[in-house]
Amino acid sequence: GSWVIIATLLVGGLLTALQSIMVEATLSSYFVLTFFIGFLSLIFVRKGWQLKVLQTIKQSYERTCEIELFEQQLIVTAYIDTGNECVEPISRKPVHFISYPAVESYLPKAIKEALLQWQQHTPSNLSLFESTIRRNIRFISLNTVQGNSGIVPAFRVNKLIIADQVFENHYVVFTKNDASFPQNADMILHASILMTK
């Protein structure tokens with residue numbers, strides 16, 4: 001409604017101003033000019049409306065999550081990514097992606113050091129992690145939208161709470177780069193979370 005009112009006032013004001021300027025213009029040129037102004041105003045309204053609808057849709061995919069990982073309770077903002085269909089190959093449990101920089105300060109020192117020292121070209125070298133952590137690590141083969149591929153460690157989450165729903169034995173992969181997730185989220189959730197809304 002507000003966009004229609006703005007467009008109406010804009011078109012009405014411009015046409016009133018043009019009427020006094022184009023007193024001596026032909027009727028056809030006046031109609032062409034007013035049609036052109038009305039058309040541009042409608043395009044402006046349509047673009048604004050589309051942006052508002054898109055923003056509303058994106059916000060509906062935002063969630064606040066509580067994660068129990070490495071005996072730590074983390075509360076992060078998350079975004080449900082309909083393109084994330086990554087699962088752990090054996091259990092077929094969903095895999096979520098969490099920004100390492102966003103949670104780095106909450107992780108135990110030993111975990112941080114192990115994550116930073118782990119190398120992708122020798123993925124099976126898990127001696128960096130404590131034995132209690134090694135039991136909860138699974139390897140995930142990833143293919144990103146940028147065309148990169150590789151094997152990364154995924155860590156089993158004891159508990160994931162989203163909107164009062166508790167999920168157990170899901171997995172998370174830490175992202176090294178500082179690239180921002182949609183809606184400035186700290187975590188990308190698996191598409192299956194949409195089915196539990």
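What follows is a set of questions and answers about a predicted model.

Student: In what order do the 9 strands of the open sheet stand?

Tutor: Strands of a sheet can pair either parallel or antiparallel. In this predicted model the pairing within the open sheet is mixed, and the twist averages 35° from one strand to the next. Read across the sheet, the order of the 9 strands is E4-E5-E8-E3-E9-E2-E1-E6-E7.

Student: Which strands stand at the edges of that sheet, each with a single partner strand?

Tutor: A strand with a single partner has one side left without a neighbour in the sheet, so the ends of the strand order are the place to look. That order begins with E4-E5 and finishes with E6-E7. The edge strands are therefore E4 (137-143) and E7 (165-167).

Student: Which residue in E7 does Leu160 stand opposite?

Tutor: Strand E6, which covers residues 159-162, is joined to E7 by 3 bridges, and the two strands run antiparallel. Across this pairing, the residue in E7 that stands opposite Leu160 is Phe167.

Student: What is the bridge partner of Ile137 in E5, and which residue in E8 stands opposite that partner?

Tutor: E4 and strand E5 (residues 149-157) pair in the antiparallel sense over 7 bridges, and in E5 the partner of Ile137 is Phe155. E5 is also joined by 3 bridges to strand E8 (residues 170-175), again with the strands running antiparallel. Phe155 in turn stands opposite a residue in E8, namely Val172.

Student: Is Leu116 buried or exposed?

Tutor: Leu116 lies in helix H4, which spans residues 109-117, and its C-alpha atom is separated by 9.8 Å from that of Leu128, 12 residues apart along the chain. Because the relative accessible area of Leu116 is 55% and the cut-off for this class is over 50%, Leu116 is exposed.

Student: How many disulfides are counted, and are Cys65 and Cys86 buried or exposed?

Tutor: The count of disulfides comes to 0. Residues under 20% relative accessible area are classed as buried; Cys65 has a value of 1%, and Cys86 has a value of 14%. Both Cys65 and Cys86 are therefore buried.

Student: Which elements give two or more residues to the lining of the second largest pocket?

Tutor: The second largest pocket has a volume of about 270 Å³. Of the 13 residues that line it, the closest to its centre are Phe70, Glu71, Thr132, Ile133 and Asn136. The lining divides into 7 nonpolar, 3 polar and 3 charged residues, and the elements that give two or more residues to it are H4, helix H5 (131-134) and E5.

Definitions and conventions
Residues are numbered from 1 along each chain as its sequence is written. This is a predicted model: local features need pLDDT of at least 70, side-chain atom pairs count only at pLDDT 80 or more; totals for chains, interfaces and linings use all residues. Side-chain values use heavy atoms; hydrogens and water are left out. Helices (H or I, at least four residues) and strands (E, at least two) are DSSP runs, numbered from the N terminus. Buried means under 20% relative accessible area, exposed over 50%, partly exposed in between (1.4 Å probe, protein chains only). Two strands pair if DSSP finds at least two bridges between them. Axes are lines fitted to C-alpha atoms, for helices over the stretch in contact, and angles run from 0 to 180 degrees between N-to-C directions. A disulfide is a pair of cysteine sulfur atoms within 2.5 Å. On a 1 Å grid over the protein atoms alone, a cavity is a set of points where a 1.4 Å probe fits but cannot get out, and a pocket is an open set with protein on both sides within 12 Å along at least five of seven lines; lining residues have an atom within 4 Å of a point. Grid points are joined across faces, edges and corners, and a volume is the space filled by probe spheres set on the points. Ala, Val, Leu, Ile, Met, Phe, Trp, Tyr, Cys and Pro count as nonpolar, Asp, Glu, Lys and Arg as charged, and the others, Gly among them, as polar.
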